[in-house]
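Please open the structure in your viewer and keep the selection tool at hand. The tour below goes from stop to stop, saying what to select and what is there.

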Amino acid sequence: MAPLPLRYWAYITVLVLLLFAGLSSWPLPLNKDKDQLAKMTESLWNATDNQRLVLIGNSLLGHAAAGAAEFNQLLTSTQMDWQVAKLVKSGLKPAYFAPLLPHLAQSRPNLVILQVENFYMSEDSIRLATYRDNISQLRRLFNHILFNEAVLPFDHNYDSFQCTDKTELSDLEYQTIYANMQPELQAAAFKPYLAFIAAVKAQGGQVVLLEIGRSPKAELHLGQEKRIRINTIIQQLAQQADVEVWRFPPELITQQDYCDTAHLAPSGRQKFMNWLL
């Protein structure tokens, strides 16, 4: 069999590059089955006289906050009648839950805690996260077609996840991570959340932006200049949405309360929950 001519390899290379560019720029459309979406927030819809709490974020929130069932138990133990829905997606993909926002607004939440870290990451970080998520969705779709595996519309497996193994990084690894981090305001990603925030507030609910933060060592390597830039972006988002900002106080936490640069270990989760409640 004769090898392919060079020009054909050039065509294949271009097609691969175009595919990569597309997968890193446009999220694949999500399955928006209403029954499955309703199941994710059924605790809100089933609430009668209870207050309704919604948490939305990425794996930082997933590690920091207790799972919805545990959260409900903690609130009940303090004589607080709340129903909790915790929606968490690993990675930096604020657009992931955008299709669910109108449905959430209709449940009339009393308090929405919206993690803010998703809205100031760089475009490169967003593209890489989008590419990884699209590849994951394609794999699950093929498994569904070939092996009849169930395909869920939203991956919220960080709901009750806690890390058990700690990843120790060297100073050089910390420097590499945070030297490449360039905080940028993600206005387009925040836009659908603005409409959601306005709808919740119009119904008498409260929305807050939550910054969970990073480990002390990560914050040190982040540097003062980038910290000022992040603070400025968070303030811009808060002013645009006319909401409060809650920041997990760094003085409450130590390096030992993290399992890596930014994800809280069980001891950190306990401190976070004590502060939040």
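**The whole chain**

Begin with the chain in a cartoon view, where 12 helices and five strands can be traced; keep in mind throughout that this is a predicted model. Of the 277 residues in the chain, 44% are buried. If you display contacts with a sequence separation of 6 or more, 84% of them join residues that are 24 or more positions apart.

**First stop: helix α12**

Select residues 266–276, which form helix α12, and colour its buried residues, namely G268, R269, F272, M273 and L276. These residues span an arc of only 135° around the axis, and therefore they lie on the same side of α12. Now turn to the other side of α12, where Q270 and N274 are exposed. A general point helps in reading such a pattern: an α-helix has 3.6 residues a turn, so residues three or four places apart point the same way.

To see what the buried residues of α12 pack against, add helices α4 (59–64) and α5 (68–77) to the selection, together with the strands β2 (82–88), β3 (111–115), β4 (206–211) and β5 (244–247).

**Second stop: helix α5**

Keep α5 on screen and pick out A68, F71, N72 and L75, which are buried. Their arc around the axis is only 100°, so they are placed on the same side of α5. On the other side of α5 you will find A69, Q73 and S77, which are exposed. The partners of the buried residues of α5 are β1, β2 and α12, and thus this stop leads back to the helix of the previous one. Just after α5, select Q79, whose phi is positive at about 65°.

**Third stop: the segment after α12**

Move to L277, in the segment after α12. Is L277 buried or exposed? With a relative accessibility of 44%, L277 falls between the two and therefore counts as partly exposed. Apart from its neighbours within four places in sequence, L277 is in contact with F71, L74 and L75. Select T78 as well: L277 and T78 are 199 residues apart in sequence, yet their C-alpha atoms are 9.0 Å apart in space.

**Fourth stop: helices α9 and α11**

Next, select residues 187–202 for α9 and residues 224–241 for α11, and look at how the two helices pack, at an angle of about 45° and with their axes 10 Å apart. The two helices are therefore oblique to each other. Showing side chains brings up the contact itself, in which F190, L194, I197 and K201 in α9 meet L237, Q240 and A241 in α11. By kind, the residues of this contact divide into five nonpolar, one polar and one charged.

**Last stop: the nonpolar cores**

Which residues have the most contacts inside the largest nonpolar core? They are I56 and F190, in a core of 36 residues. At least two residues of this core come from each of β1 (51–57), α6 (101–106), β3, α8 (171–179), α9, β4, α10 (216–222) and α11. A second, separate core has 26 residues, among them L53, A66, F71 and L276.

Finish by centring the view on F190, which, residues up to four places away in sequence not being counted, touches L114, F119, I197, L209, L237, Q240 and A241.

Key: Residues numbered from 1 in each chain as written. Predicted model: local features only at pLDDT ≥ 70, side-chain atom pairs only at ≥ 80, totals over all residues. Heavy atoms only, no water. Buried < 20%, exposed > 50% of the residue type's maximum accessible area, 1.4 Å probe, protein only. Helix = DSSP H or I, 4+ residues; strand = E, 2+ residues; numbered from the N terminus. Arc of directions from axis to C-beta. Contact = heavy atoms within 4.5 Å. Axes fitted to C-alpha atoms, helices over the stretch in contact; angles between N-to-C directions. Parallel < 35°, antiparallel > 145°, perpendicular 65-115°, else oblique. Nonpolar A, V, L, I, M, F, W, Y, C, P; charged D, E, K, R; others polar. Core = buried A, V, L, I, M, F, W, Y, C linked by side-chain atoms within 4.5 Å.
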